[in-house]
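Open the model in your viewer and keep the sequence panel beside it. The tour moves from selection to selection.

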Amino acid sequence: MKMKKILLLLLISFMTLLTANAQNDITLSCPDDIHPHAIDLGLPSGTKWACCNVGADKPEEYGAYYAWGETEDKNYYNWNTYIYCDGDFETCHDLGSDIAGTQYDVARVKWGGSWMMPSYEQNKELIDNCTYEWTIVNGVRGQKFISRINGDSIFLPAAGFQWYDTLDGEGRIGRYWSSTLYPAAGSAYCLSFVSYDASWNYSDSRGGGLTVRPIISGTNNIILSESLSNASNQAIYNIYGIKVATYPKGIDNLLPGIYIVNGKKVVVK
């Protein structure tokens, strides 16, 4: 009888290990390990989502936490440390109804180019056009959003949120700022999820520390200075001579700038 119990425990441990490995064997849509990438989920608006958070180097990293409209992270989050209010939620400064692409947009400030914070509508479009599944990537829990249109995906870690000097909800909750102001005083919309659900119309206090997942709105305007008809599967290099992608598949994920393919210039606007 004792031997049967031991065998049963060994079997349970083995199955747990297999499950854990299966959860970590996640295929993401990044073409290489040079992050961030703009992932094309085939969304109707043409919006592309970044593969990782502001402040992160990999899709599974949390990155930094920001109060809404602030562009630097900090150790303490409340109304007294929020620079765009005078001590409480009723005294929040007017930054506009949407801060995307402005001086208050941490994605634009930190990453430059066409990167920006997603709006309420873009968060809604993501959830409406994706299925989502709770999964683990390299030991980090979060939601994988899988496009119903083309099957590509992004992974948003459950990074929780910060209030005072405490990180709450880590591994259980994801809250990502949108660029859109919420009608109630002192709040802004965010994308929020738990293991079994996701919402685009959640709101949070502007003074709290949330993560940010940037987007590129619409489709890049690609200008080929010369014909690249014979450049299939050629490496794409940035102006520093570093390989960043492969032509033509990788060109849609490039940030605006000048690139070299097969000795010819490619301008991405």
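A disulfide here is a pair of cysteine sulfur atoms within 2.5 Å. The structure holds 0 of them. This is a predicted model, in which local features need pLDDT of at least 70 and side-chain atom pairs count only at pLDDT 80 or more, while totals for chains, interfaces and linings use all residues. Residues are numbered from 1 along each chain as its sequence is written, and side-chain values use heavy atoms, with hydrogens and water left out.

Select Cys 51 and Cys 52. The sulfur of Cys 52 has its closest cysteine sulfur in Cys 51, at 4.1 Å, which is too far for a bond. Cys 52 is buried because its relative accessibility is 0%; buried means under 20% relative accessible area, with a 1.4 Å probe and protein chains only. Next, select Cys 190, which is also buried, at 0%.

Now show residues 187-194, which form strand 10. Strands are DSSP runs of E with at least two residues, and helices are runs of H or I with at least four, numbered from the N terminus. Strand 10 runs antiparallel to strand 11, and 7 bridges join them; two strands pair if DSSP finds at least two bridges between them. Phe 193 faces Ala 198 of strand 11.

Add strand 9 (174-181) and strand 11 (197-205). The result is an open, antiparallel sheet of 3 strands in the order 9-10-11. Strands 9 and 11 are at the edges with a single partner strand each, so one side of each lacks a neighbour in the sheet.

Last, select helix 3, residues 120-128. Helix 3 packs on the sheet and touches strand 9, strand 10 and strand 11, contact being heavy atoms within 4.5 Å. The direction of helix 3 makes about 160° with that of strand 11; axes are lines fitted to C-alpha atoms, for helices over the stretch in contact, and angles run from 0 to 180 degrees between N-to-C directions.

Methods:
Buried < 20%, exposed > 50% of the residue type's maximum accessible area, 1.4 Å probe, protein only.
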